[in-house]
Amino acid sequence: MSVTRAEYWDEQAPRYDRTTAFLEPRLFAPARRWIAERVTGRTLEVGVGTGATLPYYADRVADLTLTDVSGEMLRAASARAAGLGVPVTVLRADSARLPLPDASVDTVVSTFAMCCVADELAVLRELARVLRPGGRLLMADHVESSARLGRGVQRVLDAVTPERAGEHHRRRPILLLPDAGLRVLESTSSRWRLVEQLAATRV
Ligand SMILES: C[S@@+](CC[C@H](N)C(=O)[O-])C[C@H]1O[C@@H](n2cnc3c(N)ncnc32)[C@H](O)[C@@H]1O
C-alpha cells in the first residue's frame, strides 16, 4: 500500500463531500442510483471513500464489506454505514490486494475509484478473483469523454493531477475488462460520456 497515497486521501477525507458537492447531484448521483438498483447479496465496496453510495443501497445488501487505503475515509464510511442495519466489515486495504478469499462475494462495487489506483488491470483482476461465478461487478467512473471539448479539458487536467493527486481523467476501465477475465453485461454513460457505469461478470 502506498503510504503517501493513503496520507493524501486521509487529508482529503474531511472535505471530500464538500469538494464534490457541485458534481454530486449533476453527475455522480445518477450513477450511484444505477449501481444501487443492481446491488444484491454479500457486497464488497472498494475505494469506498466517505461512503457516498451507501445511502442508495436501501435493503438490497445482505452484508457489506467496505475497503479503502485511507483510514479517515473508512471512518466516514463506517459512520454512514451504521444506519443501514446490515452487518458491516471495514478493512483498510489496497484494491489490488484484498484480504478476502476467492469467489467470496455476490457483488463488487467501485465508484469513482479506478481513476486513482496505480494499476487498473491489477485491481480489475483482484475484483474478478473475489467475485463468485455469476456475481456482478458494478462500476462507475469519470472517464475519457466522447466530446472533443471534454477530452481537451481532461488532457489539461491530466498534465497535473496524476502527479499531484494520483487522479487520472482519461481512463476507461470498461476497455480492460476482457484482460481481467470479466465480461460486460450492460453499460451506460452520462451526456458526453463524462461518467460511465457498467455491470460485468466473470467470464
Ligand atoms: C475519488 S475517491 C471516491 C470515493 C467513493 N468511492 C465515491 O464514490 O465517492 C477515491 C477513493 O479511493 C481510495 N483509493 C485510492 N487508491 C486506492 C487503492 N489503491 N485501493 C483502495 N482504495 C484506494 C481513496 O482513498 C478514496 O477514498
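Me: Which residues does Arg183 touch, once residues up to four places away in sequence are left out?

Reply: In this predicted model, Arg183 touches Leu177, Ala200, Thr201 and Val203, with residues up to four places away in sequence not counted. A pair counts as being in contact when the two C-beta atoms lie within 7 Å. Arg183 itself is found in strand E6, residues 182-189, and its C-alpha lies 18 Å from that of Arg171, which is 12 residues away in sequence.

Me: Why is Arg183 called exposed?

Reply: A residue counts as exposed if 12 or fewer other C-beta atoms lie within 10 Å of its own, and Arg183 has 12, so the label exposed applies.

Me: What makes Val123 count as buried?

Reply: The label buried asks for 20 or more other C-beta atoms within 10 Å; Val123, placed in helix H5, has 24 such neighbours and therefore counts as buried. Among residues beyond four places in sequence, Val123 touches Ser95, Ala96, Met114 and Val117. The C-alpha atoms of Val123 and Arg97 are 7.8 Å apart, although 26 residues separate the two along the chain.

Me: Which other residues of H5 are buried, and against which strands do the buried residues of this helix pack?

Reply: Besides Val123, the buried residues of H5 are Glu120, Leu124, Glu126, Leu127, Ala128 and Val130. The buried residues of H5 pack against E1, E4, E5, E6 and E7.

Me: How do you know that the length of H3 agrees with its number of residues?

Reply: The expected span is 1.5 Å times one less than the number of residues; for the 14 residues of H3 this gives 20 Å, and because the end C-alpha atoms are 18 Å apart, the two values agree. H3 does bend, by about 45° at Ala29, and a proline, Pro30, follows within four residues. Within this helix Ala31, Arg32 and Ile35 are buried, and the buried residues of H3 pack against E4, E5 and E7.

Me: What makes up the largest nonpolar core, and which of its residues have the most contacts inside it?

Reply: The largest nonpolar core has 46 residues, and those with the most contacts inside it are Ala77, Val108, Leu127 and Leu137. At least two residues of this core come from each of helices H3, H4 and H5 and from each of strands E1, E2, E4, E5 and E7. In soluble globular proteins, nonpolar side chains tend to be buried together. Ala77 touches Val48, Gly49, Thr50, Gly51, Leu54, Leu66 and Asp68, with residues up to four places away in sequence left out.

Me: Is Tyr57 buried or exposed, and how do you know?

Reply: Tyr57 has 21 other C-beta atoms within 10 Å, and because the label buried begins at 20, Tyr57 is buried. The place of Tyr57 is in the loop between E1 and E2, and its contacts beyond four places in sequence are Ala36, Val39 and Leu84.

Me: Why does Pro162 count as partly exposed?

Reply: With 15 C-beta neighbours inside 10 Å, Pro162 falls between the limit of 12 for exposed and that of 20 for buried, and therefore counts as partly exposed. Pro162 is found in helix H7, residues 161-165, and touches Glu167 and His168 beyond four places in sequence.

Me: What is the phi of Ala103, and what is the phi of Arg193?

Reply: Phi is near 50° for Ala103 and near 45° for Arg193, in each case a positive value in a residue other than glycine. Ala103 lies in the loop between E3 and E4, and Arg193 lies in the loop between E6 and E7.

Me: Why are Ala103 and Arg193 called partly exposed?

Reply: Ala103 has 14 other C-beta atoms within 10 Å and Arg193 has 17; both counts are over 12 and under 20, so each residue is partly exposed.

Me: Which residues come nearest to the ligand, and how do the residues of its shell divide by class?

Reply: Of the 19 residues around the ligand, Trp9, Gly47, Gly49, Ser95 and Thr111 come nearest. By class, the shell has 10 nonpolar, six polar and three charged residues.

Definitions and conventions:
Residues numbered from 1 in each chain as written. Predicted model: local features only at pLDDT ≥ 70, side-chain atom pairs only at ≥ 80, totals over all residues. Near = placed C-beta within 6 Å. Nonpolar A, V, L, I, M, F, W, Y, C, P; charged D, E, K, R; others polar. Core = buried A, V, L, I, M, F, W, Y, C linked by C-beta atoms within 7 Å. Bend = angle between axes of the 7 residues up to and from the residue.
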